[in-house]
Amino acid sequence: MNFHQKPVTHVAEVGLKVLDLEKMIAFYKEVLGFDLLVQTDNRAELGAGGNTLLVLEAIKGLVPKKDRYAGLYHFAILLPDRKELGKILIHLHQKGIHLGSSDHLVSEALYLSDPEGNGIEIYRDRDAEEWDWNNNAVIMAVDPIDGEGLVEEAQTSGETWKGMPSDTVMGHIHLHVSNLNAAERFYIDGLGFETVSAMGGQALFLADQKYHHHIGLNVWNGIGIPALPEKTAGLHYYSLKYGDESMRGKAAERLREMGAEVEEREEHLETKDPSGNFIRLLV
């Protein structure tokens with residue numbers, strides 16, 4: 001099953017407020033291999049295969065993030081297979097990029113930050129048939145990654161890294177929130193996700209149609225942290241794509257019944273979670 005296309009509700013793109021647009025474009029093009037799809041004086045769209053995955057916006061008067069706020073923990077770029085993860089691992093190592101890594105059982109992941117400190121995960125999924133479930137909870141772990149195996153997979157293919165593959169997608173987003181219970185109610189009762197994994201009272205992983213997670217939520221920055229201020233660099237918004245207009249309409253109706261604001265824009269509906277993270281609802 002493809003967990004990142006209709007009828008599954010999934011993350012489509014992430015928007016960041018950035019301090020230095022040119023520097024950030026250069027990083028995402030040269031280091032991560034995104035295609036620059038659109039650029040104006042203060043905005044750039046980057047992606048793969050003609051699809052926008054990341055929107056960078058330089059906003060006047062923006063200041064660096066100095067305190068602990070709700071917002072982005074990381075966004076996660078999903079590569080089509082293990083060979084591609086091996087290829088970008090070799091490339092990033094050659095570029096001297098500092099990386100973290102982990103085997104989550106459902107996936108293998110690399111972790112890094114962009115020049116402005118935004119967290120990035122690059123990962124590949126194991127086949128869904130290989131995931132283990134305990135009742136309705138998917139079993140995930142934080143195990144050491146088989147880096148040698150990844151490199152060998154890439155080298156055996158005889159291919160060299162040439163940027164993000166055309167079928168790369170935004171796999172999930174992981175957010176800092178101020179209150180886990182309030183966030184859980186909003187994302188489940190409002191947006192329509194279900195909890196597939198939990199880490200004590202510290203983190204939740206939510207999905208549609210039994211993915212290992214489309215949304216991660218955590219309180220690792222502290223309980224009761226404020227929303228990211230409008231003029232502070234970091235997460236601007238992220239978008240969720242629903243299977244059809246009816247599904248999106250029902251989600252909007254549920255959100256309004258919960259007391260959340262849902263505003264109609266030209267091409268999307270816009271809401272924000274209880275921690276102040278802006279979400280665009282697309283079809």
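Visitor: What follows helix 3, and what is the sign of its phi?

Guide: In this predicted model, helix 3 is followed by Gly158, whose phi is positive, near 75°.

Visitor: Which residues of helix 3 are buried, and how do you know that they line one face of the helix?

Guide: Within helix 3, which spans residues 147–157, the buried residues are Gly149, Leu150 and Ala154. Seen down the axis of helix 3, these buried residues fall within an arc of 135°, and therefore they line one face of the helix. An α-helix has 3.6 residues a turn, so residues three or four places apart point the same way.

Visitor: What do the buried residues of helix 3 pack against, and which exposed residues does the face turned away carry?

Guide: The buried residues pack against helix 2 (82–94) and strand 7 (107–113), while the face of helix 3 turned away from its buried side carries the exposed residues Glu148, Glu152, Gln155 and Thr156.

Visitor: Why is Asn221 called buried?

Guide: Its relative accessibility is 18%, and buried means under 20%, so Asn221 counts as buried. Asn221 is found in the loop between strand 14 (215–218) and strand 15 (234–241).

Visitor: What does the side chain of Asn221 reach?

Guide: The side chain of Asn221 reaches the backbone oxygen of Tyr69 at 3.2 Å, and a polar contact requires N or O atoms within 3.5 Å.

Visitor: Why does Met199 count as partly exposed?

Guide: Met199, placed in strand 12 (residues 194–199), has 40% relative accessibility; partly exposed lies between under 20% and over 50%, so Met199 counts as partly exposed. Together, Tyr73, Met199 and Trp220 make a nonpolar surface patch of about 270 Å².

Conventions
Residues are numbered from 1 along each chain as its sequence is written. This is a predicted model: local features need pLDDT of at least 70, side-chain atom pairs count only at pLDDT 80 or more; totals for chains, interfaces and linings use all residues. Side-chain values use heavy atoms; hydrogens and water are left out. Helices (H or I, at least four residues) and strands (E, at least two) are DSSP runs, numbered from the N terminus. Buried means under 20% relative accessible area, exposed over 50%, partly exposed in between (1.4 Å probe, protein chains only). A polar contact is a pair of N or O atoms within 3.5 Å; within protein, one must be able to donate a hydrogen and the other to accept it, and residues adjacent in sequence count only if both atoms are side-chain atoms. The arc is that of the directions from the helix axis to the C-beta atoms. Contact means heavy atoms within 4.5 Å. Patches are made of residues with over 30% relative accessible area and no salt bridge: like charges are joined within 9 Å, nonpolar side chains (Val, Leu, Ile, Met, Phe, Trp, Tyr) within 5 Å. Accessible areas come from the Shrake-Rupley method with a 1.4 Å probe; for residues, only the protein chains shown count as cover. A salt bridge is a side-chain nitrogen of Lys or Arg within 4 Å of a carboxyl oxygen of Asp or Glu.
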